[in-house]
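Subject: Structure handover and notes

Hello,

Here is the structure I promised to pass on. Please open it next to this message. My notes come after it.

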Amino acid sequence: MAEAHTNRRLAAILAADVVGYSRLMASDEAGTLAALKRHRELVFDPAVAEYGGRVIKLMGDGTLVEFASVVDAVNCALSVQNSAISDPAGRVIVLRIGINLGDVIIDGDDLYGDGVNIAARLEPLAEPGGICIASIVNESVGTRIDVAFTDGGEVHVKNIDRPVRIWKWRPGDRAAKGDRPGVANPTSHPESPSIAVLPFANMSGDPEQEYFTDGITEDIITDLSKVAGLLVIARNSSFAYKGKHVDVRTIANELRVRSVLEGSIRRAGNRVRITAQLIDAGTGGHLWAERYDRDLTDIFAVQDEVTQQIVAALKITLSPSDKSRLADDGGTTNVEAHDLYLRGGALLRGPTKNREVFERMSALFRQAIDRDPAYARVYAALGIALALDYLNRWSDDPDRSLAEARRLTDQAIEKGPNEPMGHHAAALVAMYGKDFQRWTAEVETTLSLSPNFSLAHSAVGEIKMYSGEPMAAIPHLERAMRLDPAFHQVHTQTLGMAYLIAGKYETAAAVFRERILLVPDTDISRAYLAAALGHLGGFEEARRVWHELKAINPKYSFAERIGRLPFRDQADVERIADGLRKAGLPD
């Protein structure tokens, strides 16, 4: 099992309590307990599971639930409050529900902090059968839910030193989605089937073979990600468990998946042995297991077979489009080229990026192209490496790198038009070149070829955000976070920007505070937090945050940094800068 640990994060907290519980218990203790159990089993627990919640604590008639998405928390509450049932004796369990979005402290399986305390204080303010939410929750969900909340004004709650603005909903306060303009799709619920592919164990006895073992795992993830009917957790999040002894069911719970694939690889000379087992996270039982003992040249066939066996074990019916995507992958049958690609890919995805690493990975990719000039995926990888050089200025002529990256990604698409990585690389190059038309087209193509490509979902959000549709960006960013929760610190930055551009300053400030907790030495998140605080009137905190920023990066220039971002409308930039000016800070 995972060890207990303490950290902090932003979370939506739902607090629920039974109306008149003491009176009900006094009149019929056994009947009330039976009715409460029935309500939990038939109404509350299924709603929590459907919307991806995690029950933190049961306290008699009270419950605390954590959600990664504030939209899911509100939709769960609405589902519960619209699903009243009666037992055979006619008893109906009625709840009050309070919801808050805030910073929480995680200690093992428990949560603490103002985020939890405020949710608990809001719950008694809800009407029977109703919901009471903090203003930050109302601001965050915007028009992404099916009902409207009513302004309840400011209230003072116990142990909280500042007033809290509240919004209320009660049964009957319903507005049809069609009557509310601009409603975006809500965050997707936890899908079934869903899978996390854990990094296969290297059993070769040679640490130098880690790149090979990791590469095979990544290839399986890439192939499975092309299946539209299967949710596949991204490589970043699966590999967060590499080298850790964590129970499979714990991993499945943390990643919110129904199944987990694990295995091992032993490479010896020209032979390779692969073992794989697919585990049902609910029961811990095996859905499928197999061992392959083959020549190294058969590795591509083995990967295809593993993918097909997983799909069959999960009882997924492949559509003609799924079959087409799996059959045409832009890969190679050249073992040497594949090996060089895996070595370069290990550097591209590694934690260290500098000029030396860039030169090494580029040389490996170029050697792979020499071995197989038709290998589409490696052209894309080299294009991404060169695009990163343009951004980070490693080489002597980074502007030339962007032009070469554009040429290589065009070649990748020409050689493998159905290889998603080529279109993803082309989208990245177009973004740096501020070519919105190409950027949009390539991202859409990437998702059509790989529906689980988390970076492409994030890119859709970025396109909408930089194009002046920040609230429309949020569901796409939340989808990317669902597919790749370990990449949270990157997605959180973009999510905060979307709220800031949309003028949702309270939510933006909460998100940027979380990003600072995740990345303590960030300068850009502090700049955006200071801007949000300026709009909120928190001038003293804004100046303190700016002082921290300058201590981290004395040369920081807001104008220079934001000038490199592809905003279509200068008014969005001015809105951010205006927050800094209100706080008396340089922009």
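Below are notes on one helix, two loop residues and the cysteines.

This is a predicted model: local features need pLDDT of at least 70, side-chain atom pairs count only at pLDDT 80 or more, and totals for chains, interfaces and linings use all residues. Residues are numbered from 1 along each chain as its sequence is written, and side-chain values use heavy atoms, with hydrogens and water left out.

Helix α2

Helices (H or I, at least four residues) and strands (E, at least two) are DSSP runs, numbered from the N terminus. Helix α2 covers residues 29–50, which is 22 residues. Its expected span (1.5 Å times one less than its number of residues) is 32 Å. The end C-alpha atoms are 30 Å apart, which agrees.

α2 does have a kink of about 45 degrees, centred on Arg 40. The bend at a residue is the angle between axes fitted to the seven residues ending there and the seven starting there.

At the start of α2, Asp 28 makes a polar contact: one of its side-chain oxygens comes to within 2.9 Å of the backbone nitrogen of Gly 31. A polar contact is a pair of N or O atoms within 3.5 Å; within protein, one must be able to donate a hydrogen and the other to accept it, and residues adjacent in sequence count only if both atoms are side-chain atoms. After α2 comes Gly 52, with a positive phi near 75 degrees.

The buried residues of α2 include Ala 35, Leu 36, His 39, Arg 40, Val 43 and Phe 44. Buried means under 20% relative accessible area, exposed over 50%, partly exposed in between (1.4 Å probe, protein chains only). An α-helix has 3.6 residues a turn, so residues three or four places apart point the same way.

Positive phi outside glycine

Arg 256 is not a glycine, yet its phi is positive, about 55 degrees. Arg 256 sits in the loop between α8 (248–255) and β12 (259–268). It is partly exposed, at 23% relative accessibility.

Lys 315 is not a glycine either, and has a positive phi of about 60 degrees. Its loop lies between α9 (299–313) and α10 (320–327). Lys 315 is exposed, at 74%.

Cysteines

A disulfide is a pair of cysteine sulfur atoms within 2.5 Å. The count by this rule is 0. For Cys 76, the nearest cysteine sulfur is that of Cys 132, 17 Å away. That is too far for a bond. Cys 76 is buried at 1%, and Cys 132 is buried at 0%.

Best wishes
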